[in-house]
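Reader: I am in my first year and would like to learn how to read a protein model. May I put some questions about the one shown here?

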Amino acid sequence: MIEKVGMIVKFNILGYLIKEGIRNTLKNKKSTMASLVIMIATMLIFGLFFVVTENINSVMEQIEAQQGIQVFIEKEATQAQITELKEKIQALDGVNNTQFVTKEEALNTVKNQFKEHKNLLTGYDEKNPFPASYIVTVTDLSKIGSIAKQIETFENVNEIMSKDATTDALLSIANGIKIFSGIILVFLVVISIFIISNTIKLTVHARRREISIMKYVGATNNFIRGPFIVEGIIIGLVSAMLSIGFISLIYDVIAGKIMTSQLMGVMGISLLTFAEIFNLIFMVYLILGIGIGVLGSVVSMKKYLEV
């Protein structure tokens, strides 16, 4: 019986806190709207940097799958030696895949590059000057240089071609953007907490006498803080939901234009669809909205609970 009464009391308290939080949010319309507008703007910027970072990670993964080392094999190498070379390369740490390219395939590739002038290579069908090779892809672009050096030491390797300079430039650009995005994201979170805390502080200031009386009659800090935390969570959640809607529209327009550009077609790289990142961005916005709302409320209440 006592346990049932206790549960009823807890539910009544929770209902009171939620009701008061909603009432505060609707009562202070101007400050709530101001917070929503600023929060949505902040979270939109956050979302744009977030999807940019996710797409950079995706693009780098695609480049890693495409970027390879071409290992040209000595013409005198036997089939057994060619097979042995593949096993040595595949055994190296960081090697993803090793694809064999025959002399005929190499010649056909060059012919395709010449397009309408491929007849200039007709005489090379009988005396093919192109050596067989292995195309080696790596799991981590930062290891491409060290892998190439190891392959150079193997027997029956004639020459190696790799794009170290291009790879290093891509890695530097990607890492730079990631660091910059990370700093911006942290900065935006701090701003959001500041905005929420100042908005709720207006409500708290208007009810400071009521809060003091509640403290003197024995109300706990958590009980007093509850409605304001609910208010902060409501503002954070509404901002998050609206921001997701806006960011999806903006992303689809921008990503659509980028994907139709000639450069993306030439590079053979695609961007993530919003559906692919929706679950992740939804969880991030949900945690961010609730987290900022709670932190903003706690920060704004600290001064007034010290009675």
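Reader: Is isoleucine 177 buried, partly exposed or exposed in this predicted model?
Author: Isoleucine 177 belongs to helix H6, which covers residues 164-206. Buried would require under 20% relative accessible area, and exposed over 50%. The relative accessible area of isoleucine 177 is 33%, so the residue is partly exposed.

Reader: How far apart are the C-alpha atoms of isoleucine 177 and threonine 53?
Author: Along the chain, 124 residues separate isoleucine 177 from threonine 53. In space, the distance between their C-alpha atoms is 7.5 Å.

Reader: Which elements make up the protein, and how many of each are there?
Author: Read along the sequence, the pattern is α-α-β-α-β-α-β-α-β-α-α-α-α-α. The secondary structure therefore comes to 10 helices and 4 strands.

Reader: What share of the residues counts as buried?
Author: A residue is buried when its relative accessible area is under 20%. The protein has 307 residues, and the share that counts as buried is 38%.

Reader: Where is the confidence of the prediction lowest, and where is it highest?
Author: Over the protein, the average pLDDT is 75, and 73% of the residues score at least 70. Where pLDDT is low, the predicted coordinates should not be read in detail. The lowest mean, 56, belongs to helix H9 (residues 262-267), while the highest, 88, belongs to helix H3 (residues 79-90).

Reader: Which residue forms a salt bridge with glutamate 84?
Author: Side chains of opposite charge can pair when their charged atoms come close. Glutamate 84 lies in helix H3, and its partner lies in H3 as well, 4 residues apart, about one turn of the helix. The closest N and O atoms are 3.9 Å apart, and the cut-off for a salt bridge is within 4 Å. The partner is lysine 88.

Reader: Are glutamate 84 and lysine 88 buried or partly exposed?
Author: The relative accessibility of glutamate 84 is 40%, so this residue counts as partly exposed. For lysine 88 the relative accessible area is 34%, which means that lysine 88 is also partly exposed.

Reader: Which helix gives the most to the nonpolar surface patch?
Author: The patch has an area of about 730 Å² and is made by Leu48, Val238, Leu242, Phe246, Leu249, Ile250, Val253, Ile254 and Ile258. Leucine 48 is placed in helix H2 (residues 29-66), and counts as partly exposed because its relative accessibility is 33%. The greatest contribution, 8 residues, comes from helix H8 (residues 221-259).

Reader: Which backbone oxygen does the side chain of serine 248 reach?
Author: Serine 248 is found in helix H8. Its relative accessible area is 16%, so serine 248 is buried. At a distance of 2.7 Å, its side chain reaches the backbone oxygen of glycine 245.

Reader: Is alanine 255 buried or exposed?
Author: Alanine 255 also lies in helix H8. Its C-alpha atom is 8.4 Å from that of leucine 272, a residue 17 places away along the chain. With a relative accessible area of 10%, under the cut-off of 20%, alanine 255 is buried.

Reader: Within what arc do the buried residues of helix H5 fall?
Author: In H5 (residues 144-152), the buried residues are Ile144, Ile147, Ala148 and Ile151. Seen down the helix axis, these buried residues line one face of H5, because they fall within an arc of 100°.

Reader: Which residues are exposed on the other side of H5?
Author: An α-helix has 3.6 residues a turn, so residues three or four places apart point the same way. On the side of H5 opposite the buried residues, the exposed residues are Lys149 and Glu152.

Reader: What is the phi value of asparagine 156?
Author: Asparagine 156 is placed in the loop between H5 and strand E4 (157-161). Its phi is positive, in a residue other than glycine, and the value is near 70°.

How values were computed: Residues numbered from 1 in each chain as written. Predicted model: local features only at pLDDT ≥ 70, side-chain atom pairs only at ≥ 80, totals over all residues. Heavy atoms only, no water. pLDDT = per-residue confidence, 0-100. Helix = DSSP H or I, 4+ residues; strand = E, 2+ residues; numbered from the N terminus. Patch = residues over 30% accessible without salt bridge, like charges linked within 9 Å, V, L, I, M, F, W, Y side chains within 5 Å. Areas by Shrake-Rupley, 256 points an atom, 1.4 Å probe, with all protein chains shown as cover. Salt bridge = Lys/Arg side-chain N within 4 Å of Asp/Glu carboxyl O. Buried < 20%, exposed > 50% of the residue type's maximum accessible area, 1.4 Å probe, protein only. Polar contact = N/O pair within 3.5 Å; in protein donor to acceptor, adjacent residues only side chain to side chain. Arc of directions from axis to C-beta.
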